[in-house]
Amino acid sequence: MTEQPIDVLIIGAGASGAAVAWSLAETRMRIVCLEQGDMMKPADYPSTGRDWEARGQSDFAISPNQRRLAADYPIAEEDSPIKVANYNGVGGGTVLYAGHFPRFHPSDFRVNSLDGVADDWPIDCATLAPHYAENDRMMGVAGLPGDPAYPGDNVKRMPPLPLGKSGEAIARGFNKLNWHWWPSDTAIATEPYDGRDKCINLGACVSGCAQGAKASTDITYWPHAIRAGVELRTRCRVREITVDADGMATGVIYYDGDGVEQALQAHVVVLACNGVGTPRILLNSKSTAFPDGLANSSGLVGRNLMFHPYASIMGVFDEALDGYKGPGKCIRSQEFYETDAARDFVRGYTFEIHRGFGPVSTALMGLQRGRIPWGVGHHQAFRGLFNRIAGMVAICEDLPEEHNRVTLDPELTDSDGIPAPKISYTLSQNSRKMMDHAIERGSEVLRAAGARDIMTQAPISYGGWHLMGTARMGLDPARSVVNDWGRSHDVKNLFVVDGSIFVTSAGVNPTRTIQALALYIAEQMKQRLANLFD
Amino acid sequence: MGDQHSTDAAGESFTAEETQALKTLVEMIIPASQEYGLPSAGDTAIFTDILATARSQQVEVSTALSALDEVSQDCQDGDFGALPLDQDVLAGVAETFRQRHPAEAGLLAAITAQCYYRDDRVMRALDMEARPPHPLGYTLNQGDWSLLDPVRDRPEFFRKTP
């Protein structure tokens, strides 16, 4: 029996899909979300077992090519020095993210006006302000008001994560240099919040929070959205969006958990599949009316892919630090966030301070970098590193370049036969100079903090956590894929709400902004319901 | 993992030669230490865990062990597991293996470290509690928040927009 058309079909149950589903639920429309992965089972997360660090390299690896679970699709990424990190399941990338949760700055929306590069966003920071606030309420944010790096930073939050020994040591380093630092905003509950318990410092945030303190959307938005009537279907992998003769989206074709092809019709389709998954579906949705893929009259679907190139700067200290105890994140610095004409690059970066590592990670890092030998000397060298490493990563703003792109691989497919995405990406000179700068400045901080030995890496190869720009937002249909409220220029009942619509990447983690944008777009849809397709 | 896997029939999926080569190698990578009171990675319980873990990557591990034997044949005219237990000889072969086959050597070292550093005795020797992080978690000191005072006093420095 053919299913009746639904009102709104959301593809993807991650950071943005959950937010848009919850927001639209109040309309009482019939809303279905299709998610290719499963519901999460926090009781099975790695931190519940002794092999928690090893599982971060296997079934909870950040790379889908390493994880290779049934829900994952392969990614052809030989042509990129930065490899994609994602998670396919209810909660998406928020299941494995660290919960570092900064906002964009006003300047991040005006890159062209300020620096003459890239493009300005068609919206500004003030437009998103109420949606940041709403998202903060749904996710639960810990931090401290008053950061001088942000205007009007007076929003009350849960108390910040502890500094601990590691944060304290590195804060002293920043203070010696008179450089900015501030407790990180984190999507981690430091006190009971919305039915979730507080953080107990498991130290395994990036392989799922068994405590439920970290705000992944499977435990934040989704329980509320489902209670409000949204239907969430798991193990449903969308192959393509279908269209009618008028060029309107009619629904999707997907494969269910048994690999059986299914169709679902909808009056509105919302893509929330991240900066790789969304262009993959659009490019695979070819038709007579859209021979180059859906919503692609600009030719920009898949182009302008932005990661955040990451540089890692870790120091070895004489005193014992926090090591494996506690969330990896604690403080941040934006001393070098904004453009400075005295430097040889534009834009800037945030330092995210990293608290430390567990024993297995310490051993692997030491073995891989030649700091721990095989054989005699192993134990002494290990003890010189264990609980004694802390440092930072620099999250560098990546500027959009059309040659950095997602296409469909001509040969590689997933288990349902859907073409896999192919990543073609090169680091710009601007990014390289920015990472070099970050390594020099980060090393200065660590030396000031008392580190006796410094280890660096740039870029972090398996650090493609942030996937942005591949269906960019804009007012000009020739230069963008969606308009200033997320609707496709070409297909008037098709919306994109994930990181694909970012015009620029800023130098901060994107999840808080992705979700604020999703809520903003949902609000726009609700306000325009009577003439949504005009 | 203590002795919980000591009666496991691990190793059946590897040949006796592969098992011996792997045991010799892991003992070489992480030897016992009298100074720190630590077993080697070839300790019965730890090696049982290593074999069980290696089985989940059987093809890759067997390939790596073949490469190790190839190097051993080149250097010492014998398979690695059959070499005399002379640390200098073993270390020489292992070093050549790492140089010629870094990915394979890295895989075997990673499995060794993953299993070694979750052993009860090893964790206790590192002043760790021999348990998973959840459900008890850990205590973390707040730290000295007065360090933030000079930053609080700093004027706002974000960039104004047009």
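These are my notebook entries on the sheets, one helix, the cysteines and the chain contact of a predicted model.

**Entry 1. Three-stranded sheet, chain A**

I began with the open sheet whose three strands run in the order β3-β14-β13 in chain A. I noted that its pairing is mixed. At the edges I found β3 (76-79) and β13 (405-413) of chain A, each of which pairs on one side only. I looked up the twist and recorded that neighbouring strands of this sheet are turned by 35° against each other on average, direction ignored.

I then followed the pairing of β13(A) with β14 (residues 419-424) of chain A: the two run antiparallel and are joined by five bridges. For register, I noted K422(A) of β14(A) opposite T407(A). Lying across β13 and β14 of chain A, I found helix α8 (residues 274-284) of chain A, which runs at about 65° to β13(A).

**Entry 2. Six-stranded sheet, chain A**

Next I traced an open sheet of six strands in chain A, with the order β4-β10-β11-β12-β9-β15 and antiparallel pairing. I listed β4 (182-183) and β15 (453-457) of chain A as its edge strands, each pairing on one side only.

Within this sheet I examined β11 (residues 349-354) and β12 (residues 389-396) of chain A, which run antiparallel and are joined by six bridges. Here I recorded H354(A) opposite G391(A) in β12(A). I also looked for a helix against the sheet, and found that α6 (residues 164-177) of chain A lies across β10 (329-333), β11 and β12 of chain A. I noted its direction as about 65° to β12(A).

**Entry 3. Hairpin of β6 and β7, chain A**

I turned to strand β6 (residues 237-243) of chain A and checked its burial. Five of its seven residues are buried, so I entered β6(A) as largely enclosed by the rest of the structure. Six bridges join β6(A) to β7 (residues 249-255) of chain A, and the two strands run antiparallel. I noted V252(A) in β7(A) as the residue opposite I241(A). Between the strands of this hairpin I found five residues. In the hairpin, G247(A) takes a positive phi near 80°.

**Entry 4. Helix α3, chain B**

In chain B I looked up helix α3 (residues 58-76), which has 19 residues. From first C-alpha to last, α3(B) reaches 26 Å, close to the 27 Å expected at 1.5 Å a residue. I listed its buried residues as V61(B), S62(B), A64(B), L65(B), A67(B), L68(B), D69(B), V71(B) and S72(B). What covers them includes α1 (16-29), α2 (44-55), α4 (87-100) and α5 (102-116) of chain B. After α3(B) comes D77(B), where I noted a positive phi near 60°.

**Entry 5. Cysteines**

I searched all chains for disulfides and recorded zero. For C209(A), which is in no disulfide, the nearest cysteine sulfur is that of C205(A), 6.4 Å away. With the cut-off for burial at under 20% relative accessible area, I entered C209(A) as buried because its relative accessibility is 15%. I entered C125(A) as buried also, because its relative accessibility is 15%.

**Entry 6. Contact of chains A and B**

Lastly I looked up the contact between the chains, to which chain B gives 57 residues and chain A gives 66 residues. I noted a buried area of about 5,300 Å² between chain B and chain A, with 67% from carbon and sulfur atoms. Which three residues supply the most of the area that chain B buries against chain A? I found Y138(B), L140(B) and R159(B), which supply 15% of that area, more than any other three residues.

Key: Residues numbered from 1 in each chain as written. Chains lettered and ligands numbered in written order. Predicted model: local features only at pLDDT ≥ 70, side-chain atom pairs only at ≥ 80, totals over all residues. Heavy atoms only, no water. Pairing = 2+ DSSP bridges. Helix = DSSP H or I, 4+ residues; strand = E, 2+ residues; numbered from the N terminus. Axes fitted to C-alpha atoms, helices over the stretch in contact; angles between N-to-C directions. Contact = heavy atoms within 4.5 Å. Buried < 20%, exposed > 50% of the residue type's maximum accessible area, 1.4 Å probe, protein only. Expected span 1.5 Å × (residues − 1). Disulfide = S-S within 2.5 Å. Buried area = accessible area lost by both parts, 1.4 Å probe.
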